[in-house]
Amino acid sequence: MSGRGRRASLPGPGESPACPPTLDDGGLVVRHRNAQGFVREYDFSLLPAAEPMRRSIARLFAVPCARSWTSHRTSDTHWRDLVAFAEYLAGLDRRPEDLDDLDARAVRQWWDGLKSTAGGRHRWQGVSAVLRHDERLQSGPVAEELARRVVEKRTGQPSYSAGEFRKVRAEARRTFRAALLRIEENAGNLERWREGAFTEGTVEWTLGEALEVIARTGFTPRTRCPGGRLTLPQRYRTALGGTSSLGTWMRLYLSRFEATALGVLLMADFGWNLSVIDRVPAPRAAPDTGEQDGRATYLITLEKRRRGAGRWFETESVTDLGAGSPGRLITEALAASRFARDLAERLVPGTDHLVAWRAYHTRAVSADRDRPQAVGPVRFGVDTRSATEWAQAVGLGGSPFQRGRRTVLAVERRERAQHSQATHDRVYVLPDPQVQEAAVPVIAAGAHEALAHAREAVGLGAELRGEADPGDRPTATADCHDAATGPAPRADGGCGASFLLCLGCRNARIHPGHHPRLARLYQALDNARTVLPAGVWSEGWGDAHTRLEDLRHQVGEPAWQHALAAATDGDRALIDHLLAGDLDP
């Protein structure tokens, strides 16, 4: 059994252009019309399942086909997932007849076989997303299994290093630049021919005449031989230098390889993905208001269908600021694709795509009905196969678009493009090793700053001295240098703060004579922690304990233990009164 539905097709003569019924009268064939207007059929009678199960799954599948899915790529993926699920159920000892006959243990067992791989998790999500809409699976053990929260396993490639990305740009620029110079040179010859600058009958005139035909039709001038075969007349063959693609139609059109290089440059400058590059229309230059100094500013319309209907489009503007600027790339792209775009517009009025090129095999038709379709010999955008082949040809390994876009968005620009901030963070930024590595010093600096702030807030604020100052005033925990400027000054010139707060006050002075008493206080707070609820102890004694811990660290463990042993009965009695609240102001 094939893993796909039937090939998509447009409505035939006499058929209504309106969307056909999504589910046929028999309830087993689902038709999905994508955003391009093509219809693909999915025959659920092929599922290895009981008849009621087939009809239930077909009915559920038909709902998003009619309401939310805009591409056959989406419906194809869900179809394959549902086929795999049906094949799993068919292998059970007790095959369920319908969805209400599903067993939670069997569903959990299927999940256990999928959860170890990213592809398996995606398959689970695809099936559960369809089945959860059945009214019989809204509650109960099976519903709970299908509602399982799945954490995606990220398998995307990491971003390019700076050196690798420079190579990607350089290879794409070299390929596209050569094509642009070739097209500009021949466009100049064509323009001079149209202006009558060449004498009829000369090689230059014949070349201009051939270029006119190529521009108008996409093909070289051809005549039919007696045997019926089309051939290039000798005089054109001489003027063009042969019959090779480079000497004929490539004089005015980008090739697939060169259009791919242009797509790489658009990705590198704007962060566009392949679906955006496929559909982006040729930008229009905004009127010069006098502030642009003659430089063109383009208004670009972007299409992102994954956002859902009503939120597909957004616009951005870019100015041609000279060589190397993104605006200059738009100017060059318009120049390189202008003959392909003009030809497509003549053949099918209203066709408008920036990345337009001429196919080598003009009769080949793409099976991907979600992408813009061919117009005569003209093709649009960049497909994944072309991206991979281009990368391999220039020695870059796999397609540069996924890694390149991650590099642009997560490393170079560090901002989102055509997606939500949550997607930008979750998909592009957080999983990227280069971003994670760059974040290490930032996180470390933040941790040090937080630690410094914490120490300033609850660390030991008192000044440590080797001996007492006769001018200081003794307190229960330290000596006070200036009570009038303390944390709680009173009208009589004293301080109304608790003696425990002296440990954090910059007016306090601590000398070795205080160490025995404070070591005893630290021990008493430790003892209190074992008998008091954590919240109560933290609120009442946590800050004081932290400051004493800081003092202990600065004094050193041997000196601290010596001080504890030297505590007198008077020190112990003073600490008992302090903790009982007898000494509070």
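This passage looks at cysteines and salt bridges in a predicted model.

We may begin with the cysteines. A search of the whole structure turned up 0 disulfides. Cys505 illustrates this result: its nearest cysteine sulfur belongs to Cys480 and lies 6.3 Å away. A disulfide requires two cysteine sulfur atoms within 2.5 Å, so a separation of 6.3 Å does not qualify, and Cys505 is in no disulfide. As for its surroundings, Cys505 has a relative accessible area of 14%, and because buried means under 20%, Cys505 is classed as buried. Cys65 is likewise counted as buried, with a relative accessibility of 6%.

Charged side chains offer a richer topic. Side chains of opposite charge can pair when their charged atoms come close. Across the whole structure, the search found 36 salt bridges. Three of these pairs are described here in turn.

Which parts of the chain does the pair of Asp368 and Arg73 link? In this salt bridge, the closest N and O atoms are 3.1 Å apart. Asp368 sits in the loop between strand E8 (356–358) and strand E9 (378–380), while Arg73 belongs to helix H2 (residues 72–90). The two residues are 295 residues apart, so the pair joins distant parts of the chain. Both partners are partly exposed: Asp368 has a relative accessibility of 25%, and Arg73 has a relative accessible area of 48%.

A second salt bridge is formed by Arg94 and Asp101, and here the closest N and O atoms are 3.1 Å apart. Arg94 is partly exposed, with 48% relative accessible area. Asp101, at 25% relative accessibility, also counts as partly exposed.

The third pair, Arg174 and Glu171, meets through its side chains at a distance of 2.8 Å, N to O. Why are these two residues separated by about one helical turn? The reason is that they lie 3 residues apart in helix H6 (residues 162–194). Is each partner buried or exposed? Arg174 is exposed, with a relative accessible area of 51%, because the exposed class begins over 50%. Glu171, on the other hand, is counted as buried at 17% relative accessibility.

Salt bridges can also share partners, and one network in the model arises in this way. Its members are Arg59, Asp98, Asp100, Asp134, Glu135 and Arg136.

How values were computed
Residues numbered from 1 in each chain as written. Predicted model: local features only at pLDDT ≥ 70, side-chain atom pairs only at ≥ 80, totals over all residues. Heavy atoms only, no water. Buried < 20%, exposed > 50% of the residue type's maximum accessible area, 1.4 Å probe, protein only. Salt bridge = Lys/Arg side-chain N within 4 Å of Asp/Glu carboxyl O. Helix = DSSP H or I, 4+ residues; strand = E, 2+ residues; numbered from the N terminus.
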